[in-house]
Every structure is written in C-alpha cells, then in structure tokens.
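I am opening a fresh page in my notebook for this structure. I want to go through it element by element and write down what I look up.

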Amino acid sequence: MTRPRISVIIPVYKVEAYLRRCIDSVISQSYKDLEIILVDDGSPDNCGVICDEYACRDARIHVIHQENMGLYGARNTGLEAASGEYISFVDSDDWIEADMYACMLEIIDDCHPDMVRFGLKKMLSGKIMSERKMAYANGFYKGELLNSQRLDIISNEHILDYKKERLMSACTNLYRRELVMEYGLRFVSEREILNEDYLFVLQVFMAAESVYIIDKTFYCYDTREGSITMSYRENMFERKKKLFQMYCRSVNTQDKNVRIRLKNFYIDCVYACVVNECGDYRGRADSIATIRDLLDDERLQKYLSDNRKLAGSGKAKCICFLMRHRLAVGMYGGYRLLKYLRKGRMHK
C-alpha cells in the first residue's frame with residue numbers, strides 16, 4: 001500500500017454543530033489521495049459519534065479517541081499518526097475550498113518545497129468579512145530570497161506595525177512531514193504559552209530550505225458570533241514571556257537583525273497584554289495596576305529604548321511614548337476611547 005500524498009489532521013472538541021461542514025469540505029476535495037485523521041480530544045458532545053460515522057463511510061478516515069489534552073495535544077497525536085508526504089491542519093469549526101489540495105499537489109510535484117503557504121478568508125454567517133493573503137508574490141523561495149522572510153516570521157520591521165501580513169496560523173501552511181519529524185517539531189501546550197501556532201510555524205520555517213507562496217485564500221476561518229469578542233486571558237504575560245523565550249531558542253540570536261526583530265516581538269507581546277487589560281473583564285483600578293506592572297518590565301523598557309527609531313506610524317509612536325513613560329492610565333483610557341469611537345463608526 002502506497003503512502004498518501006497528504007495527511008489532513010483535524011482536532012475535534014465541542015464542535016458538534018460545525019464538524020460535518022468541516023469533514024465534508026475535506027472528503028469532497030477534487031484531489032482524493034488523502035489520509036484524514038480525526039482526533040477526538042475527549043469531546044463531551046456527539047463529536048466522537050460523528051467521527052466514527054464518517055470513518056464507516058470513508059476508508060480514508062482514521063479516528064483517534066483520547067482523553068482531553070487541548071488543541072496542542074490533539075495536533076501532536078495527529079502528527080504521530082500521520083504517514084503522508086505532506087501534512088495539513090484544519091480546525092474542526094472551519095472548512096477549506098474544494099480545489100485546495102489539487103493546487104497544492106501541482107506545486108509539490110513541480111518543486112517539492114518544505115512548506116507551502118497560502119491565505120485565508122474570515123467568514124461570518126457564510127459571508128466573507130475579509131481576506132488575508134501572504135505579503136509576498138506567488139512563487140518559489142530559497143536561499144537569500146527565503147532569508148529575508150525569516151526576519152518577517154519573527155516580527156515586522158517596525159514596532160506595532162500590522163500592515164504587512166504575516167499569517168502565523170498553523171492551518172495556512174502545508175508541511176513536508178519528513179522535515180517536521182527530522183527536527184522533532186511539535187506543538188507546545190496553550191496552557192504554557194500563548195500563540196502556540198506562532199512557535200510551530202516559526203520553527204518549521206527556520207528549518208525549511210524552500211517555501212512556496214500562493215496568493216490564494218483556500219482556508220475559510222469561521223468568526224462566528226461567539227468567537228468574535230476576545231475573552232480575558234489569565235496569566236497572559238507569563239505565557240507570552242515563555243513564548244518569547246522559545247522564540248529566542250529557535251532563531252540565530254548572533255544575527256543583529258534577528259535581535260532587532262526579537263525586540264520588536266517582545267514589545268508587541270507586552271502591548272497585547274496591555275490590550276488584554278483594557279476590556280470590560282476586570283475593574284478599572286485592577287486593570288490599570290496590572291498595566292503599570294507591565295510597563296515597569298525592565299526588558300520592555302530596554303527594548304523600547306534600543307528600537308526607538310522603529311516606531312513608524314503616528315499611532316505606534318504615541319503608544320511607545322506612553323509605554324516608555326509608564327503612563328498606565330493614559331494607555332487604558334486611550335485604548336478604551338479609541339474602541340468606543342470605532343464602535344460608534346461601525347453603528348452609523
């Protein structure tokens with residue numbers, strides 16, 4: 001029996017209402033030589049039953065039932081079971097376009113890249129809210145052309161600059177399985193770090209010798225009503241710091257340009273923690289006290305000083321000024337005011 005060209009790993013947990021849509025989008029792909037691995041991560045609803053039902057209907061589907069480990073554990077279980085030449089991740093409340101893997105195989109057969117990268121559509125109630133594409137031209141990248149992208153994988157060139165699309169979702173890439181296995185790359189628990197996708201994509205990209213970028217949005221990311229509002233994240237700063245430490249261990253810190261990007265990334269991590277405190281989750285006094293502690297971080301203050309000239313936009317310069325001068329009240333009030341004004345414009 002020949003091994004499949006692509007293994008599709010789908011972690012499954014409490015998505016009973018969306019699971020069929022996801023699986024249907026994979027089994028109906030125009031390219032059929034797939035290994036489909038459904039990892040039931042101890043889901044308390046009927047997801048496990050649905051998975052078994054599909055496995056009975058389609059011999060390409062393999063179901064693994066396990067005790068709940070979280071997204072990272074389900075993906076790692078899928079990685080251990082996968083036998084395909086390439087690996088794809090699809091989250092069980094999302095779906096993919098019917099020709100996605102057919103397009104991938106044309107590229108794979110032509111140039112055998114270590115990664116294939118593509119974009120996504122943000123969907124709401126079946127409608128496209130926005131499209132996110134890679135910030136590079138279609139084509140095959142290796143050598144020096146790839147090295148310039150390695151810096152962008154760490155962070156953008158300017159502080160708090162989100163205009164250049166980086167797309168760090170694990171689901172918007174195809175990975176050559178032998179590369180992942182050779183370097184022993186796995187997902188780290190989201191209970192230990194935040195943005196576990198970021199770390200995995202970074203580590204694979206740093207190991208890759210060639211990458212192909214497609215200017216298409218094959219992946220459909222469901223931003224249903226319950227997922228639009230960000231919930232408060234506990235212990236966010238500690239988990240962000242661990243992510244930063246793992247970033248540092250995954251890149252060449254002897255390179256001056258890499259160190260500059262790492263500093264930008266750390267500033268971005270702290271700002272994300274400030275934003276986490278600016279919602280309606282906690283009292284004003286508690287939030288401002290936490291923001292003040294964040295701004296007192298010695299590493300933050302050093303990196304703000306080191307990269308001071310890299311705050312390009314007016315907004316970034318304003319935020320960096322508030323951060324450097326530890327103006328917690330100003331950051332809290334300014335963010336909430338801007339959020340209020342944006343909401344007012346949306347309802348006009």
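The entries below follow the order in which I looked things up.

**Entry 1: the model.** Before anything else I noted that this is a predicted model.

**Entry 2: strand S2.** I began with strand S2, residues 34-41, and asked how many of its residues are buried. I found that 8 of the 8 are buried, so the strand is largely enclosed by the rest of the structure. I then went through its two faces and saw that both are covered, with Leu34, Ile36, Leu38 and Asp40 buried on one side, and Glu35, Ile37, Val39 and Asp41 buried on the other.

**Entry 3: the neighbours of S2.** Next I looked up which strands pair with S2, and I found that strand S1, residues 6-12, pairs with S2 in the parallel sense over 7 bridges. In this pairing I could place Pro11 opposite Val39 of S2. Strand S3, residues 61-66, also runs parallel to S2 and is joined to it by 6 bridges, and here I noted that Leu38 stands opposite Val63 in S3. I followed the chain from S2 through helix H2, residues 47-57, to S3, and recorded this β-α-β crossover as right-handed. A right-handed β-α-β unit is also made by S1, helix H1 (residues 19-27) and S2.

**Entry 4: helix H3.** I turned to helix H3, residues 71-81, and listed its buried residues as Gly73, Ala74, Arg75, Asn76, Thr77, Gly78 and Leu79. When I checked what these buried residues pack against, I found S1, S2 and S3, together with strand S4 (86-89), helix H6 (177-182) and helix H7 (196-207).

**Entry 5: the core.** I wanted to know which residues touch the most other members of the largest nonpolar core. The core has 113 residues, and the two I was looking for are Phe89 and Tyr101. Helix H10, residues 256-276, gives the most to this core, with 11 residues. I wrote beside this that, in soluble globular proteins, nonpolar side chains tend to be buried together. Leaving aside neighbours within four places in sequence, I found Tyr101 in contact with several residues, including Ile6, Val8, Leu34 and Leu174.

**Entry 6: Phe118.** I located Phe118 in strand S6, residues 115-124, and asked whether it is buried or exposed. Phe118 has a relative accessible area of 0%, so it is buried. Apart from neighbours within four places in sequence, its contacts include Met100, Met134, Leu167 and Phe218.

**Entry 7: two positive phi angles.** Leu167 caught my attention, as its phi is positive, about 50°, although it is not a glycine. I placed Leu167 in the loop between H5 and strand S9 (173-176), and it counts as buried because its relative accessibility is 2%. Asn235, also not a glycine, has a positive phi near 50°, and I found it in the loop between helix H8 (225-228) and helix H9 (236-250). With a relative accessible area of 57%, Asn235 is exposed.

**Entry 8: the cavity.** Last, I asked how many cavities of 30 Å³ or more the structure holds, and the count is 1. The largest cavity has a volume of about 60 Å³, and among the residues that line it I noted Arg117, Met134, Tyr136 and Phe205. Helix H5, residues 144-154, gives the most to this lining, with 3 residues.

Definitions and conventions:
Residues numbered from 1 in each chain as written. Predicted model: local features only at pLDDT ≥ 70, side-chain atom pairs only at ≥ 80, totals over all residues. Heavy atoms only, no water. Buried < 20%, exposed > 50% of the residue type's maximum accessible area, 1.4 Å probe, protein only. Helix = DSSP H or I, 4+ residues; strand = E, 2+ residues; numbered from the N terminus. Pairing = 2+ DSSP bridges. Right-handed = clockwise from strand over helix to strand, strands pointing away. Core = buried A, V, L, I, M, F, W, Y, C linked by side-chain atoms within 4.5 Å. Contact = heavy atoms within 4.5 Å. 1 Å grid on protein atoms, 1.4 Å probe; cavity = no way out; pocket = protein on both sides within 12 Å on 5 of 7 lines; lining within 4 Å. Points joined across faces, edges and corners; volume = space filled by probe spheres on them.
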